[in-house]
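Student: I'm new to this one and would like a close look at a single part of it. Could you take me through the strand in the middle of the fold's pairing and what surrounds it?

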Amino acid sequence: LTANKPVKVRHGRKIVEATPAQISKGAAVARALEQKPGYTAAVCAGDDLTDESMFELDSPGLITIKVGGGPTKARFTVSDPATFRQLLADCFANSGG
């Protein structure tokens, strides 16, 4: 399927992702943000190397969170999924909605 096409292989935690070279989670988020001008905030969170392309985006209102340890370009980190779930619960509890 990919014999004559540029392919990017990304090794993640318990996965290997093979996609067209120009496709990544970051590219998908960037496109989604372009299609929704005027957003006030967006959250990108993940625990995998394949999530780093999202964390590299420089977009106003984009909140990037690495779940777990290790080097990252995310702006924020939390120690584990339970802590991330609690962060979300706290945010929604304090949002009034």
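**A close look at strand β4**

Tutor: Let's start from the outside and work in. The protein exposes about 6,900 Å², and carbon and sulfur atoms supply 57% of that area. Keep in mind that this is a predicted model. Its pLDDT averages 87, with 93% of the residues scoring at least 70. The C-alpha trace spans about 50 × 30 × 20 Å along its principal axes.

Now for the layout. There are three helices and five strands, and from the N terminus on they run β-β-α-β-α-β-β-α. Of the 97 residues, 28% are buried.

So where does β4 fit in? Strand β4 covers residues 62–67, and five of its six residues are buried, so the rest of the structure largely encloses it. Here the cut-off matters: a residue counts as buried when its relative accessible area is under 20%.

Next, look at the partners of β4. On one hand there is β3, which runs parallel to β4 and is joined to it by five bridges. You can find one spot of this pairing by looking for Ala 42, which stands opposite Leu 62 in β4. On the other hand there is strand β5 (residues 76–78), also parallel to β4, with three bridges joining the two. Here Val 67 is a good landmark, standing opposite Val 78 in β5. Among the elements of the protein, β5 has the highest mean pLDDT, 97, while strand β2 (residues 16–20) has the lowest, 76.

Stay with β3 for a moment and pick out Ala 45, which is found in this strand (residues 42–46). What does Ala 45 touch, leaving out residues up to four places away in sequence? The list is Met 54, Phe 55, Ile 65 and Phe 84. Ala 45 itself is partly exposed, because its relative accessible area is 29%, which falls between the 20% and 50% cut-offs. For a sense of distance, try Ala 30: it sits 15 residues from Ala 45 in sequence and 14 Å away in space, C-alpha to C-alpha.

Now follow the chain into the loops on either side of β4. Lys 73 forms a salt bridge with Glu 56, their closest N and O atoms being 3.6 Å apart. Lys 73 lies in the loop between β4 and β5 and Glu 56 in the loop between α2 and β4, so the pair ties together parts that are 17 residues apart in sequence. Lys 73 is exposed, at 55% relative accessible area, whereas Glu 56 is partly exposed, at 48%.

A search of the whole structure finds two salt bridges, and the other one to look at is Asp 51 with Lys 25, where the closest N and O atoms are 2.7 Å apart. This pair links distant parts of the chain: Asp 51 is in the loop between β3 and α2 (52–55), Lys 25 is in helix α1 (residues 25–35), and they are 26 residues apart. Asp 51 counts as buried, at 5% relative accessibility, while Lys 25 is partly exposed, at 30%.

For a contrast with β4, finish at strand β1 (residues 7–11), where you'll find Val 9. Val 9 counts as partly exposed, at 46% relative accessibility. Together with Val 7 and Val 16, Val 9 makes a nonpolar surface patch of about 240 Å².

Notes
Residues are numbered from 1 along each chain as its sequence is written. This is a predicted model: local features need pLDDT of at least 70, side-chain atom pairs count only at pLDDT 80 or more; totals for chains, interfaces and linings use all residues. Side-chain values use heavy atoms; hydrogens and water are left out. Helices (H or I, at least four residues) and strands (E, at least two) are DSSP runs, numbered from the N terminus. Buried means under 20% relative accessible area, exposed over 50%, partly exposed in between (1.4 Å probe, protein chains only). Contact means heavy atoms within 4.5 Å. Patches are made of residues with over 30% relative accessible area and no salt bridge: like charges are joined within 9 Å, nonpolar side chains (Val, Leu, Ile, Met, Phe, Trp, Tyr) within 5 Å. Accessible areas come from the Shrake-Rupley method with a 1.4 Å probe; for residues, only the protein chains shown count as cover. A salt bridge is a side-chain nitrogen of Lys or Arg within 4 Å of a carboxyl oxygen of Asp or Glu. Two strands pair if DSSP finds at least two bridges between them. pLDDT is the predictor's confidence in each residue, from 0 to 100.
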